Amino acid sequence: MADYREAPLATRPKTLDPAEYFNLSLDQRRAEEERAVLRAQLKRQYQMQLNNPHRKELIEDPALTRWVYARTNPYNRFRATKKTSLLGGLFGVVSLFVLYYVLKTDRDKKEEQIKAGTYDRKFKLAY
């Protein structure tokens, strides 16, 4: 962990702060253990429902339902940040200017060769 460097556009979560991560109080450890037990019980209940050979009803997992909703409606939760604005500008605007520049210079070079008579047209339409 000594050679870990912070990312420039992201902050470290408080749960990964080394001062808090290793120095947990007994109450915090007990709360984490209770949450782990609850998660294990919920996971076991879901697995029992999923693997029941006599089930006739649909199993609904609320976490999976939330995940599917979030994936199908991404704009409800979208936040404009510096990173998303930079990426949007980079992929949306800058790429168009680069593509324009490449196509324009290629066309100008080809046109100069045609005017000078040095361009070899492979497929001549008229003789």
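Tutor: Let's start with a yardstick: a residue is buried under 20% relative accessible area, exposed over 50%, and partly exposed in between (1.4 Å probe, protein chains only). This is a predicted model, where local features need pLDDT of at least 70 and side-chain atom pairs count only at pLDDT 80 or more, while totals for chains, interfaces and linings use all residues. Residues are numbered from 1 along each chain as its sequence is written, and side-chain values use heavy atoms, leaving out hydrogens and water.

Student: Okay, why is Phe97 called exposed?

Tutor: Its relative accessible area is 60%, and the cut-off is over 50%, so Phe97 counts as exposed.

Student: Where does Phe97 sit?

Tutor: In helix α4, residues 82-116. Helices here are DSSP runs (H or I, at least four residues), numbered from the N terminus.

Student: How do you know that the span of α4 agrees with its 35 residues?

Tutor: The expected span is 1.5 Å times one less than the number of residues. For α4 that gives 51 Å, and the end C-alpha atoms are 49 Å apart, so the two agree.

Student: What happens at Val94 in α4?

Tutor: The helix bends there by about 35 degrees; the bend is the angle between axes fitted to the seven residues ending at a residue and the seven starting there. Just after α4 comes Gly117, with a positive phi of about 85 degrees.

Student: What makes the nonpolar surface patch?

Tutor: Leu87, Leu90, Phe91, Val93, Val94, Phe97, Val98, Tyr101 and Val102 make it, with an area of about 910 Å². To join a patch, a residue needs over 30% relative accessible area and no salt bridge, and nonpolar side chains (Val, Leu, Ile, Met, Phe, Trp, Tyr) are joined within 5 Å. Phe97 has 60%, so it passes the area cut-off of over 30%.

Student: Why is the contact of Lys104 with Asp108 called a salt bridge?

Tutor: The term asks for a side-chain nitrogen of Lys or Arg within 4 Å of a carboxyl oxygen of Asp or Glu. The closest N and O atoms of Lys104 and Asp108 are 3.4 Å apart, so the pair fits the definition. Both lie in α4, four residues apart, about one turn of the helix.

Student: How many salt bridges does the structure hold?

Tutor: Two. Arg30 and Asp27 also meet in one, at 3.2 Å from N to O, and both lie in helix α2 (residues 26-50).

Student: Why is Asp27 called exposed, and what is Arg30 called?

Tutor: Asp27 has 56% relative accessibility, so it counts as exposed. Arg30 has 43%, so it is partly exposed.

Student: Which domains does the chain have?

Tutor: Domain 1 (12-78) and domain 2 (80-126), with bounds from an automatic or database domain assignment. Their centres, taken over C-alpha atoms, are 49 Å apart.

Conventions: Patches are made of residues with over 30% relative accessible area and no salt bridge: like charges are joined within 9 Å, nonpolar side chains (Val, Leu, Ile, Met, Phe, Trp, Tyr) within 5 Å. Accessible areas come from the Shrake-Rupley method with a 1.4 Å probe; for residues, only the protein chains shown count as cover. Helices (H or I, at least four residues) and strands (E, at least two) are DSSP runs, numbered from the N terminus.
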